[in-house]
Amino acid sequence: MAAGLLFGAALLAGCSSEGASTDCGLDACTVTFSRGVEASASFLGVEARLIGAEGDRVTVEVAGEQVTLTVGEQASEVGGFDVSLERVTDSEVAIRVARQLG
């Protein structure tokens, strides 16, 4: 159990961001980007960047691949991760990035 806690702490300590915040567990992170700034975050060994947002459609780059997401759509596979759009507001964009299991 202690090893699991240390591993989780190491993952969380490995997060960094600019114009974004991350909320991570062991296999998934919710990344909230601020709109109107160059926003990026590094977590789970991958980097994500907000490219643009228009209405309920958002383009992000995850693990070097660009994907366009829509609120309520099924997660898209990007570089071994499932990426989905959680919400879009006038001030922020939130995506969920999860390691693919199996």
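## The disulfide

A disulfide joins Cys24 to Cys29, with an S to S distance of 1.9 Å. The model that shows this bond is a predicted one. How many disulfides does the structure hold? The structure holds one.

Which hand does the disulfide have? The torsion about the S-S bond of Cys24 and Cys29 is about 115 degrees, so the disulfide is right-handed.

Now take the two cysteines in turn. Are they buried or exposed? Cys24 has a relative accessibility of 15%. The cut-off for buried is under 20%, so a residue below that value counts as buried. Cys24 therefore counts as buried. Cys29 is buried too, with a relative accessible area of 1%.

## The overall build

What is the secondary structure of the protein? The protein has one helix and 10 strands. Read from the N terminus, the order is α-β-β-β-β-β-β-β-β-β-β. The helix leads, and the strands follow.

## Inside and outside

The protein has 102 residues, and buried residues make up 36% of them. The accessible surface comes to about 5800 Å². Carbon and sulfur atoms account for 47% of that surface.

Contacts tell another part of the story. Take those between residues at least 6 apart in sequence. Of these contacts, 29% join residues at least 24 apart.

## Two positive phi values

Most residues other than glycine have a negative phi. Two residues here are worth a look on that point.

Start with Leu44. Its phi is near 50 degrees, a positive value in a residue other than glycine. Where does Leu44 lie? Leu44 sits in the loop between β4 (40–43) and β5 (46–54). Is Leu44 buried or exposed? Its relative accessibility is 7%, so Leu44 counts as buried.

Next comes Ala63. Phi of Ala63 is near 55 degrees, again a positive value in a residue other than glycine. Ala63 is found in the loop between β6 (57–62) and β7 (65–70). What does its accessibility make it? Partly exposed means between the 20% and 50% cut-offs. At 36% relative accessibility, Ala63 therefore counts as partly exposed.

Put the two side by side. Leu44 lies in a loop between strands, and Ala63 does as well. Leu44 counts as buried, whereas Ala63 counts as partly exposed.

Terms used. Residues are numbered from 1 along each chain as its sequence is written. This is a predicted model: local features need pLDDT of at least 70, side-chain atom pairs count only at pLDDT 80 or more; totals for chains, interfaces and linings use all residues. Side-chain values use heavy atoms; hydrogens and water are left out. A disulfide is a pair of cysteine sulfur atoms within 2.5 Å. Buried means under 20% relative accessible area, exposed over 50%, partly exposed in between (1.4 Å probe, protein chains only). Helices (H or I, at least four residues) and strands (E, at least two) are DSSP runs, numbered from the N terminus. Contact means heavy atoms within 4.5 Å. Accessible areas come from the Shrake-Rupley method with a 1.4 Å probe; for residues, only the protein chains shown count as cover.
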